[in-house]
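Work through the following exercises with the sequence and the structure side by side, and try each task before you read its solution.

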Amino acid sequence: MATTTLTISSKNYSSWSLRGWLLAKFAGLEFEEVITALDDASARAELLLLSSSILVPCLRHEGATVWDTLAIAEYLNEIMPNAGLLPEDRIKRAHCRSICGEVHSGFTTLRASLPVNLKGRFPGFKIWSRAQADIDRVCTIWRDCLAESGGPFLFGERRTMADAMYAPVVTRFITYDVKLEPTLAAYAETIMSMPEMREWVEAAKAEPADVEELEVEY
């Protein structure tokens, strides 16, 4: 039987890789990691937001090749429907898909000005006003979801694709010292305390190479 693989790039810098990896973990899919080197041109283009075509993560499973995190999420939900990547309720499923789509295609200023850097810590980081608008929108999404579901995850007791999609945003808020109200800070702590996130962060810290362009304090 063919081996299931997930191609990813840097664990320290790649938000898309983290999303795809968490989705596969949440689904309970067994897979082997294929790591794209940081000196690979396509990997650097992805990390530096220079490519409009993001080809990592890429899941290969039983003859299917699936890239783009939303496509991976829907594929995993299709092959492993009992994993709970989407809520059971139709209205909640629609809400989950909507906020996943929003973080997938939006928040471009947040993404550009607060790049993922799990090893970095920038206390007192000065946030641009346009990035603050993105932060405010994320906080509204989290606040509404948690108020409706009761937490600890965005749609209740079970992790969904939404938690995987917003996990890199949690790391951004920690890296750049974004202050959160208690309910949202508790959600961020819930995400960072997951065994999968602890595993990913430890691996990120062990990465030997740095991308100089993503280490600049601006």
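**Exercise 1: A loop residue**

Asp68 lies in the loop between S4 and H3, in a model that is predicted.

Task: Decide whether Asp68 is buried, partly exposed or exposed, and find the sign of its phi angle.

Solution: Begin with the accessibility, for which the relative accessible area of Asp68 is 27%. Since buried means under 20% and exposed means over 50%, Asp68 is partly exposed. Next, turn to the backbone, where phi of Asp68 is near 75°, a positive value in a residue that is not glycine. As background, most residues other than glycine have a negative phi.

**Exercise 2: The sheet**

Task: Give the order of the strands in the open sheet, and work out which strands stand at its edges.

Solution: First, read off the order of the four strands, which is S2-S1-S3-S4, with mixed pairing. The edges are then taken by strand S2 (32–35) and strand S4 (64–67), and because each has a single partner strand, one side of each has no neighbour in the sheet. From one strand to the next, the twist averages 20°.

Now follow the pairs. Strand S1 (residues 5–8) and strand S3 (residues 58–61) are paired in the antiparallel sense over three bridges; among the bridge partners, Thr5 is matched with Arg60 of S3, and Thr7 with Cys58 of S3. S3 and S4 also pair in the antiparallel sense, over four bridges, and here Arg60 stands opposite Thr65 in S4. Two residues lie between the strands in the hairpin of S3 and S4, where Glu62 takes a positive phi near 50°.

Finally, look at what rests on the sheet: helix H3 (residues 69–79) packs there and touches S3 and S4, and its direction makes about 135° with that of S4.

**Exercise 3: Two helices side by side**

Task: Describe how H4 and H6 are arranged, and name the residues that make the contact.

Solution: Start with the geometry, in which helix H4 (residues 90–105) and helix H6 (residues 129–149) pack at an angle of about 165°, with their axes 12 Å apart. Because angles over 145 degrees count as roughly antiparallel, H4 is roughly antiparallel to H6. The crossing in which H4 passes H6 is left-handed. The contact is made by His95, Ile99 and Glu102 from H4, together with Arg137, Ile141 and Cys145 from H6. Sorted by class, the contact holds three nonpolar, one polar and two charged residues.

**Exercise 4: Burial and contacts**

Task: State for Phe107, Thr109 and Met80 whether each is buried or partly exposed.

Solution: Take Phe107 first, which is found in the loop between H4 and H5. With a relative accessible area of 8%, Phe107 is buried, and its phi is positive, about 55°, although the residue is not a glycine.

Next comes Thr109 in helix H5 (residues 108–113), which at 17% relative accessibility counts as buried. Not counting residues up to four places away in sequence, Thr109 touches Leu114, Trp128, Arg130, Ala131 and Asp134.

Met80, in the loop between H3 and H4, has a relative accessible area of 24% and is therefore partly exposed. Leaving aside neighbours within four places in sequence, Met80 is in contact with Ala27, Gly28 and Leu29. Although Met80 and Gly28 are 52 residues apart along the chain, their C-alpha atoms are separated by 8.3 Å.

Methods: Residues are numbered from 1 along each chain as its sequence is written. This is a predicted model: local features need pLDDT of at least 70, side-chain atom pairs count only at pLDDT 80 or more; totals for chains, interfaces and linings use all residues. Side-chain values use heavy atoms; hydrogens and water are left out. Axes are lines fitted to C-alpha atoms, for helices over the stretch in contact, and angles run from 0 to 180 degrees between N-to-C directions. Angles under 35 degrees count as roughly parallel, over 145 as roughly antiparallel, 65 to 115 as roughly perpendicular and the rest as oblique. A crossing is left-handed if the near helix is turned anticlockwise from the far one by less than a right angle, and right-handed if clockwise. Contact means heavy atoms within 4.5 Å. Ala, Val, Leu, Ile, Met, Phe, Trp, Tyr, Cys and Pro count as nonpolar, Asp, Glu, Lys and Arg as charged, and the others, Gly among them, as polar. Two strands pair if DSSP finds at least two bridges between them. Buried means under 20% relative accessible area, exposed over 50%, partly exposed in between (1.4 Å probe, protein chains only).
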